[in-house]
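Trainee: I should be grateful for a close look at a single part of this structure. Please take me through it step by step.

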Amino acid sequence: MTPQMIIALVITLFMIVLIMMDKLPFGAPPLLACLLLVIFGISNISSAFAGFSNSTIVMLAEFMALIAALQKTDFIIYFKKAMFNMADRGGFKSYVVIILIAMLACSLFGTGSTAYYVLTLGLLSTLPYSKKLPPSKIIMTAGFATNHPLIPFNTALQYGIVTAVLASAGVSGNVSVVKFAVVNFFLSMGFLLNCLLQYKFLPDHPISDGESTTSAPELKASDLPKWKQNVTYLVFVIAVIGMILQGTIGDAGYAIAGLSVAVILVIGVLNFTEIRDSISAPIILMSAGVIGIANALGDTGLTSLVGSTVANILGSNINPFLLVFIFCILTSVLATMTGSTIGTVYVFAPMAIATCTSMGWDPTAAACAIVVSGWCGHFFPIDGLPAMVMGVGKYNLGQFWKFTIPQYFIRLLALTAGALIMFPV
């Protein structure tokens, strides 16, 4: 390892320790780590703090303001009542229903949709406390459910990457879309299994400061006139559509969300101070700060070094399941650490494909599992979804890891098994 790799890795570990200690305000450790990267010459200012101009972070900040506006409407009042009543009627049954609803909606939005998880977590953050089903049990599970479609038919991005990496490695043949969807279904079932197993072990605490409600609160109707509420609903829907179409219309999808916030300001749903407080929330600082860390780890060449080293260690005499599982771990961990999911996939998938081919195995299972695993990290709160789950749910790192580490291994085991069952070597 080069000195730059070592320094970048030490700074990253230092940041993680600070998060674990929970002594600094949420969002502060990544900013401190970015400053250290500049001081030690690993990154310059523009690279270390690139997260604050990152399009995804800008969009996340915009949606934080839109969600703050939604919370002033009758929709949120009704949502709070419905969710509280569901929790109050029965813990485990309602817990499962909420998770399944989130997974079903994910089928429409697709895996990894930023707009969808921001919307879901924003709505769930309004849940009042109920002893029968604390919101802290819902935020963690329903939040990650936004990355696990119950009916995985919308997998075009991942499927395209699978075919691309196979083609780039010189492997011909068509990959069945249906079989690839089933592989994703195995992953989703692994996630659901972990949720069911961990129900009793999830933390029990309010997610709003000072909130300790044990019965349905009295919720007053919105003070906003109907026309302002209707405009708020309209611009929010338009912003979500813009995010969904971002892959087609480019950065304009992010700008649409910004214009929606401008409308909210002009009509007086939120004042400028409220918008400023929303877009500078601690979750924004956390999400933006870790991008600089991710960039530094990737730029030092750590991903390539680890990949080539592991490929040499594995050699040619290894069980197919173990081979695929190890490469899934490497891909998911480094995709999370570097923040470059697709880039990391394109590093490790060709290595695994080449290894399988040299052994006379069909590399399709390895390609499918490794591509999907790129979106399966989540045990480090240094990416958009896990960081927002941790922040909204007010979890400490111990509570977060107690759920996400078992989730991580159960999902990858299910993913590896599904890939090898659908595409035998």
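Mentor: What follows concerns helix 21 and its surroundings in this predicted model. Helix 21 comprises residues 397-422. Its axis and that of helix 10 (residues 177-198) come within 8 Å and cross at roughly 150 degrees. An angle over 145 degrees counts as roughly antiparallel, and the two helices are therefore described as roughly antiparallel to each other. The crossing of helix 10 past helix 21 is right-handed. On the side of helix 10, the residues making this contact include Lys179, Phe186, Gly190 and Cys195. On the side of helix 21, they include Lys402, Pro406, Ile410, Ala414 and Met422. By residue type, the contact between helix 10 and helix 21 divides into 15 nonpolar, 5 polar and 3 charged residues.

Cysteine 195 deserves a further word. Its relative accessible area is 0%, so cysteine 195 is buried. Cysteine 356 is also counted as buried, because its relative accessibility is 2%. The count of disulfides in the model comes to 0.

Let us return to helix 21, where threonine 416 is placed. Threonine 416 has 0% relative accessibility and therefore counts as buried. Leaving aside residues up to four places away in sequence, threonine 416 touches Phe321, Val324, Phe325 and Cys328.

Finally, consider helix 20 (residues 384-392). Because 8 of its 9 residues are buried, helix 20 is largely enclosed by the rest of the structure. Among those buried residues are Gly384, Pro386, Met388 and Val392. Just after helix 20, lysine 394 adopts a positive phi of about 55 degrees.

How values were computed: Residues are numbered from 1 along each chain as its sequence is written. This is a predicted model: local features need pLDDT of at least 70, side-chain atom pairs count only at pLDDT 80 or more; totals for chains, interfaces and linings use all residues. Side-chain values use heavy atoms; hydrogens and water are left out. Buried means under 20% relative accessible area, exposed over 50%, partly exposed in between (1.4 Å probe, protein chains only). Helices (H or I, at least four residues) and strands (E, at least two) are DSSP runs, numbered from the N terminus. Contact means heavy atoms within 4.5 Å. A disulfide is a pair of cysteine sulfur atoms within 2.5 Å. Axes are lines fitted to C-alpha atoms, for helices over the stretch in contact, and angles run from 0 to 180 degrees between N-to-C directions. Angles under 35 degrees count as roughly parallel, over 145 as roughly antiparallel, 65 to 115 as roughly perpendicular and the rest as oblique. A crossing is left-handed if the near helix is turned anticlockwise from the far one by less than a right angle, and right-handed if clockwise. Ala, Val, Leu, Ile, Met, Phe, Trp, Tyr, Cys and Pro count as nonpolar, Asp, Glu, Lys and Arg as charged, and the others, Gly among them, as polar.
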